[in-house]
Amino acid sequence: MNTISSAPHLPSGPDPSGAAVGARRRVTAAVADAAGAPFALAELEIDAPRADEALIRIDAVGVCHADVQARTGALPVPAPLVAGHEGTGTVEEVGGSVTGLRPGDRVVLTFDSCGRCGPCRAGVPSQCHRFVSRNFTAGTREDGTARLWRDGEPVNGNFFGQSAFATHALVNERNAVVVDTDLPARLLAPFGCAVQTGAGSVLNVLAPAPTAPVVVIGAGAVGLSAVMTAALENRTVIAVDTRDSRLDLALDVGATHVVNASRGATDEGVRSILGGGASHIVESSGSPAALGDGIRALASGGTIAVVGTARAGTTVPLDVMDLVNGSKRLVGVVEGASRPHELIPRLVAMAERGDLPVDRLVTTFPLSDIDAWTQAVESGEAVKPVLLPA
């Protein structure tokens with residue numbers, strides 16, 4: 001994808017599906033009217049669920065780096081936009097062809113996928129051939145119709161198939177995962193993306209042997225989820241970041257060593273601790289410089305799982321000789337290469353047992369207090385801001 005300076009806009013006009021306006025209900029949402037515009041609270045209308053959809057009352061929603069990228073235009077997302085892709089809530093209504101969801105179910109919302117392409121049929125929905133369009137670029141259902149409306153004009157209500165910065169969201173059955181748990185909504189929200197991505201990168205992609213060390217670059221919610229997961233085995237876990245507060249938190253949730261990248265080269269710090277290069281690295285910061293450091297920190301035959309994202313079109317220089325002679329592997333990872341309906345309940349159960357102390361990451365804000373949570377995101381003050389619509 002090319003770098004873009006502004007997000008595309010949704011086409012205007014009536015809903016071609018002919019859905020009756022009277023079937024819609026009023027919802028409150030945080031809307032960005034254009035690329036670079038701030039979020040602002042607005043009253044919208046949401047469609048009634050179609051046959052393959054479910055209406056979810058949002059009880060909590062996490063704020064993730066991709067939400068910020070969507071607002072700024074770093075991701076090609078149509079505007080006006082309701083972001084939010086870490087929603088959790090309660091099923092209120094289901095369409096006639098929905099079989100796996102019932103009113104009253106608690107669900108964690110996750111990324112959307114088509115269910116029909118080769119990767120989806122093979123059980124790898126994170127590699128769905130329509131992943132980009134269904135989660136980013138379309139802004140509508142597959143037939144081109146909107147889910148959200150303001151004064152008769154369409155609003156992008158399809159971000160990651162959910163647009164959960166709102167009191168309600170319309171979703172497909174594939175991106176709503178039923179969870180049987182007593183965990184509060186504020187702790188469930190991050191499982192839809194951050195926890196799933198960090199933990200899945202360790203469990204599904206790197207799959208290190210029990211004693212193999214793991215290095216995690218970036219101590220945000222994704223990186224700390226990777227730290228927590230890697231620490232469940234008796235191994236060396238190194239966390240890398242530029243902020244001492246994040247590194248202190250990494251030590252609290254399982255890291256055995258930390259490296260402050262602002263005080264020296266990451267690869268040198270890692271090699272000093274390990275006595276050589278690292279066999280398994282998760283790069284979650286989205287910094288091109290950090291990715292370059294991570295590649296240099298790899299041991300021969302080592303693997304770096306790249307989950308952090310930068311503006312579309314960003315490139316990283318590679319020493320090809322080092323890459324080839326070192327037999328190093330770079331693997332791009334989307335959502336932890338997860339099968340959400342299997343991994344998310346497994347991770348929730350781990351959190352219930354105390355194995356994943358997600359509560360250490362979460363700071364809650366009312367959805368309506370946009371200034372507060374926006375400032376917390378931009379400053380990095382909160383590791384995982386979670387918004388409460390009610």
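This report walks through the strands, a packed helix and an enclosed cavity in a predicted model.

## The four-stranded sheet

Let us begin with the sheet. Strands of a sheet pair through backbone hydrogen bonds, either parallel or antiparallel. Here four strands come together in an open sheet, and their pairing is antiparallel. Reading across, the order is β1-β2-β6-β7. The edges belong to β1 (25–32) and β7 (153–155); each has a single partner strand, so one side of each is left without a neighbour in the sheet. From one strand to the next, the twist averages 50 degrees.

Looking at one pairing in detail, β2 covers residues 39–46 and β6 covers residues 148–150. Two bridges hold this antiparallel pair. If you would like a place to start in the model, find I46, whose bridge partner in β6 is L148.

## A helix on the sheet

Which helix packs on this sheet, touching β1 and β2? That is α12, made of residues 370–379. The direction of α12 makes about 120 degrees with that of β2.

## The cavity

Helix α12 also turns up in the next feature, where it supplies part of a cavity lining. Rolling a probe the size of a water molecule over the atoms shows where empty space is left. Searching the whole structure with a threshold of 30 Å³ or more gives one cavity. The largest cavity holds about 80 Å³ of space.

Which residues line the largest cavity? They are F39, V63, D67, V68, R71, F165, W373, T374, V377 and E378. By character, this lining divides into six nonpolar residues, one polar and three charged. Two helices, α1 (65–72) and α12, each supply at least two residues of the lining. The most comes from α12, which gives four residues. F39 belongs to the lining too, and residue 39 falls in β2, which spans residues 39–46.

## Strands β4, β5 and β9

Further strand pairings involve β5, residues 106–109. On one hand, β5 is joined by three bridges to β4, residues 86–94, and the two run antiparallel. A handy marker for this pairing is T90, which stands opposite R106 in β5.

On the other hand, β5 is joined to β9, residues 176–178, again by three bridges and in the antiparallel sense. Here the marker is L109, standing opposite A176 in β9. Strand β5 thus pairs with β4 and with β9.

Technical notes: Residues numbered from 1 in each chain as written. Predicted model: local features only at pLDDT ≥ 70, side-chain atom pairs only at ≥ 80, totals over all residues. Heavy atoms only, no water. Pairing = 2+ DSSP bridges. Axes fitted to C-alpha atoms, helices over the stretch in contact; angles between N-to-C directions. Contact = heavy atoms within 4.5 Å. 1 Å grid on protein atoms, 1.4 Å probe; cavity = no way out; pocket = protein on both sides within 12 Å on 5 of 7 lines; lining within 4 Å. Points joined across faces, edges and corners; volume = space filled by probe spheres on them. Nonpolar A, V, L, I, M, F, W, Y, C, P; charged D, E, K, R; others polar.
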